[in-house]
Amino acid sequence: MNIFPWNANFDTGIALIDEQHRQLVDLLNVLVRHLTTQADAPTLNAIFDQLKGYARQHFEDEERIWREHLDGDGWVSHHAHEHDSFVAELVRLKAEEGVKPLDEVILDIVGFLSQWLALHILESDKRLAKAVLACRAGEPPARAKALAEEAMSGHTR
């Protein structure tokens, strides 16, 4: 049973990014299953190794895709800053190991990853992906960004 099942709302339309986001949702589900059913606790080192590997590869791939179409744009630099913040928060959470009980640290990680899904993936990644897809369809970057903003407004937001 997945507490956070993957659904179409997470899709960006860019296969590589969606595949990598699924990995993050899968990891989040492992953590939540432990908290809700007291399943075997994954070691914090294993969790952080997976998160570090995910962040390194995913952020590199994602930023490359964004730069291919929107290089030099403020959206891209802001997005890279958000990725740096993700890594900084992981380091902060890792530092809590041994200071707090394991379940409390896992709960903090779950809260952080849930917020990341809602605010970063569902908002920022989707907006950039819509702009990239519009560029791939032949729109110039300024128009692609306007189309992305329009698509992310109203009921979609």
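Twelve salt bridges are counted in this structure, which is a predicted model. Three of these pairs are set out below, with the closest N to O separation and the relative accessibility of each partner.

| Salt bridge | Closest N and O atoms | Relative accessibility |
|---|---|---|
| E68 and R64 | 3.2 Å | E68 48%, R64 35% |
| K100 and E96 | 3.5 Å | K100 28%, E96 12% |
| E149 and R127 | 3.3 Å | E149 36%, R127 14% |

**Charged side chains**

In the pair of E149 and R127, distant parts of the chain are linked, since E149 belongs to helix α5 (residues 141–151) and R127 to helix α4, 22 residues apart. With a relative accessibility of 36%, E149 is partly exposed, whereas R127, at 14%, counts as buried. Through salt bridges that share partners, E89, R92, E96, K100, E104 and D108 are joined into one network. Within that network, K100 is bridged to E96; K100 is partly exposed at 28%, while E96 is buried at 12%.

The pair of E68 and R64 lies inside helix α2, where the two residues are four places apart and therefore separated by about one helical turn. Both partners are partly exposed, E68 at 48% and R64 at 35%. The C-alpha atom of R64 is also 9.8 Å from that of V76, a residue twelve places away along the chain.

A contrasting case is K126, which is found in helix α4. K126 is buried yet has no salt bridge, and the nearest side chain of opposite charge, that of D11, is 7.3 Å away. When neighbours within four places in sequence are left aside, the residues in contact with K126 are A8, N9, D11, T12, I121 and M152. Another lysine, K145, places its charged end over the ring of W75, at 4.7 Å from the ring centre.

**The nonpolar cores**

The largest nonpolar core has 26 residues, and the members that touch the most others are L24, L31, L51, F86, I109, L113 and L117. At least two residues of this core come from each of α1 (15–37), α2 (44–70), α3 (74–94) and α4 (102–136), and the largest share, nine residues, is supplied by α4. Taking L51 as an example, and not counting residues up to four places away in sequence, this leucine touches L24, L27, F86, L90, I109 and L113. A second core, separate from the one just described, consists of 15 residues, among them I14, W75, A131 and C135. The residue W75 in this second core is thus named again here, having appeared above as the ring beneath the charged end of K145.

**Aromatic pairs**

Seven aromatic pairs are present in the structure. In one of them, the ring centres of W6 and F10 are 5.1 Å apart and their planes stand at 35°, so this pair is tilted; F10 itself is buried, with 9% relative accessibility. The rings of F86 and F112 likewise form a tilted pair, because their planes are at 40°, with centres 5.2 Å apart. This pair too links distant parts of the chain, as F86 lies in helix α3 and F112 in helix α4, 26 residues apart. Both F86 and F112 are buried, and they belong to one aromatic cluster together with Y54, F59 and W116.

Terms used
Residues numbered from 1 in each chain as written. Predicted model: local features only at pLDDT ≥ 70, side-chain atom pairs only at ≥ 80, totals over all residues. Heavy atoms only, no water. Core = buried A, V, L, I, M, F, W, Y, C linked by side-chain atoms within 4.5 Å. Buried < 20%, exposed > 50% of the residue type's maximum accessible area, 1.4 Å probe, protein only. Contact = heavy atoms within 4.5 Å. Phe/Tyr/Trp six-rings, centres within 6.5 Å; stacked < 30°, edge-to-face > 60°. Lys NZ or Arg CZ within 6 Å of the ring centre and 35° of its normal. Lys, Arg positive; Asp, Glu negative; His and termini not counted. Salt bridge = Lys/Arg side-chain N within 4 Å of Asp/Glu carboxyl O.
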